[in-house]
Amino acid sequence: MKGFGIVFIGLVLQSFLAFSFDPSPLQDFCVAINDARSPVFLNGKFCKDPKYAVANDFLFQGLNIAGNTDNPNGSNVTLVNVDKLPGLNTLGVSLARIDYAPYGLNPPHTHPRATEILVVVEGSLLVGFVTSNPDNKFFSKVLYKGDVFVFPVGLIHFQFNVGRTPALAFAGLGSQNPGVITIANAVFGSKPLIPVDVLEKAFQLDADIVAYLQRRFGEPSNY
Ligand SMILES: *[C@@H]1O[C@H](CO)[C@@H](O)[C@H](O)[C@H]1NC(C)=O
Ligand SMILES: *[C@@H]1O[C@H](CO)[C@@H](O)[C@H](O)[C@H]1NC(C)=O
């Protein structure tokens with residue numbers, strides 16, 4: 001009987017966990033529009049009246065085009081979220097194309113609202129994620145063409161092109177709006193900046209190193 005109780009509580013908890021992500025849609029679809037007069041407001045977007053929905057509401061074109069990787073990271077993420085594909089509204093998924101220059105990096109970041117499943121289409125990538133405290137265990141792998149890897153929701157992860165040729169990956173994300181927190185930018189480039197003494201203590205760094213990092217990641221107006 002006791003065992004049954006534990007299983008029951010487990011099931012209840014599990015169903016709560018299942019609802020801690022994008023909610024289940026209450027209708028077939030809810031094509032997002034930016035019309036404040038629409039009577040239905042759901043999940044941050046207004047819904048188009050379904051009888052006016054057309055095939056193009058469910059279409060995004062151009063994911064065959066590489067993003068420009070000529071930037072300090074040497075990578076470029078083209079995200080197809082609800083802002084680019086209105087038909088995604090309430091459906092709990094989105095898609096990204098990620099291009100990597102040789103030795104390009106998609107720097108350590110997290111998606112607060114989504115698990116990510118990534119498939120390598122060209123090249124080879126060193127990928128990894130780190131679990132939460134206290135273990136902070138690092139799971140890492142070198143992926144080749146056709147390999148698929150999953151980054152659990154909320155955990156810090158990255159992809160690094162370890163090849164001498166460009167790499168290409170696509171990723172599915174379990175939210176229409178996964179969100180991104182790029183660690184270095186959030187910590188050292190917040191607006192306004194986090195006080196130097198906080199970062200000095202948190203990262204066990206000298207103040208001048210913190211100031212240097214804030215100059216690298218902060219906006220010019222911040223220093
Ligand atoms: C990514 O590529 C697009 C398309 O080439 C470009 O407009 C954008 O500025 C690039 N982003 C970065 C961060 O380089
Ligand atoms: C690197 O990429 C991240 C995520 O796209 C972006 O936020 C950051 O500004 C880039 N860093 C540099 C130095 O370009």
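Colleague: A pocket here is an open set of grid points with protein on both sides within 12 Å along at least five of seven lines. By that rule, what volume does the second largest pocket have?

Modeller: About 220 Å³ for the second largest pocket. Keep in mind that this is a predicted model.

Colleague: Which residues are closest to its centre?

Modeller: Val-77, Asn-106, His-109, His-111 and Val-180 are the closest to the centre of the second largest pocket. The lining has 16 residues.

Colleague: Which element gives the largest share of that lining?

Modeller: Strand β4, with 4 residues. At least two residues each come from β4 (75–80), β5 (94–100), β6 and β12 (167–173).

Colleague: And how does the lining of the second largest pocket split by class?

Modeller: It has 8 nonpolar, 7 polar and 1 charged residues.

Colleague: OK, now the largest pocket. How much space lies in it?

Modeller: About 350 Å³.

Colleague: What lines the largest pocket?

Modeller: Going along the chain, the lining starts with Pro-72 and Asn-73. Then come Leu-105, Pro-107 and Pro-108. After those you have Thr-182, Ile-183, Ala-184 and Asn-185. Arg-216 and Phe-217 complete the set. By class, that makes 7 nonpolar, 3 polar and 1 charged.

Colleague: Which elements supply at least two residues each to that lining?

Modeller: Strand β6 (105–110) and the helices α2 (183–188) and α4 (207–217).

Colleague: Which ligand sits in the largest pocket?

Modeller: Ligand 2 sits there.

Colleague: What surrounds ligand 2?

Modeller: Its shell is Pro-72, Asn-73, Pro-107, Thr-182 and Asn-185. Those five names also appear in the lining of the largest pocket. By class, the shell around ligand 2 has 2 nonpolar, 3 polar and no charged residues.

Colleague: How far is a polar side-chain atom of Asn-185 from an oxygen atom of ligand 2?

Modeller: The two atoms are 3.1 Å apart. As for cover, the protein takes up 57% of the 360 Å² of accessible area that ligand 2 has on its own.

Colleague: Switching to ligand 1. Which residues are around it?

Modeller: Gly-67, Asn-68, Asn-71 and Asn-76. The class split is no nonpolar, 4 polar and no charged.

Colleague: Let's take the asparagines around ligand 1 in turn. Where does Asn-68 come in: backbone or side chain?

Modeller: Backbone. An N or O atom of the Asn-68 backbone lies 3.0 Å from an oxygen atom of ligand 1.

Colleague: What about Asn-71?

Modeller: There it is the side chain. A polar atom of the Asn-71 side chain lies 2.8 Å from an oxygen atom of ligand 1.

Colleague: And what's the distance for Asn-76?

Modeller: 2.3 Å, from an N or O atom in the Asn-76 side chain to an oxygen atom of ligand 1. Overall, the protein covers 36% of the 360 Å² of accessible area that ligand 1 has on its own.

Colleague: New topic: backbone. Which peptide bonds are listed as cis?

Modeller: One joins Asn-133 and Pro-134, with omega about 0°. Another runs from Lys-191 to Pro-192, with omega near -5°. Most peptide bonds are trans.

Colleague: Where do those two prolines fall?

Modeller: Both are in loops. Pro-134 is between β8 (124–130) and β9 (138–144). Pro-192 is between α2 and α3 (196–203).

Colleague: What about phi of Tyr-103?

Modeller: Phi of Tyr-103 is near 60°, so positive in a residue other than glycine. Most residues other than glycine have a negative phi.

Colleague: Where is Tyr-103 found?

Modeller: In the loop between β5 and β6. Strand β6 is one of the elements that supply the lining of the largest pocket.

Note on methods. Residues are numbered from 1 along each chain as its sequence is written. Chains are lettered from A and ligands numbered from 1 in the order in which they are written. This is a predicted model: local features need pLDDT of at least 70, side-chain atom pairs count only at pLDDT 80 or more; totals for chains, interfaces and linings use all residues. Side-chain values use heavy atoms; hydrogens and water are left out. A residue is near a molecule or strand if one of its heavy atoms lies within 4 Å of it. A polar contact is a pair of N or O atoms within 3.5 Å; within protein, one must be able to donate a hydrogen and the other to accept it, and residues adjacent in sequence count only if both atoms are side-chain atoms. Accessible areas come from the Shrake-Rupley method with a 1.4 Å probe; for residues, only the protein chains shown count as cover. On a 1 Å grid over the protein atoms alone, a cavity is a set of points where a 1.4 Å probe fits but cannot get out, and a pocket is an open set with protein on both sides within 12 Å along at least five of seven lines; lining residues have an atom within 4 Å of a point. A molecule sits in a cavity or pocket if more than half of its atoms lie within 2 Å of its grid points. Ala, Val, Leu, Ile, Met, Phe, Trp, Tyr, Cys and Pro count as nonpolar, Asp, Glu, Lys and Arg as charged, and the others, Gly among them, as polar. Grid points are joined across faces, edges and corners, and a volume is the space filled by probe spheres set on the points.
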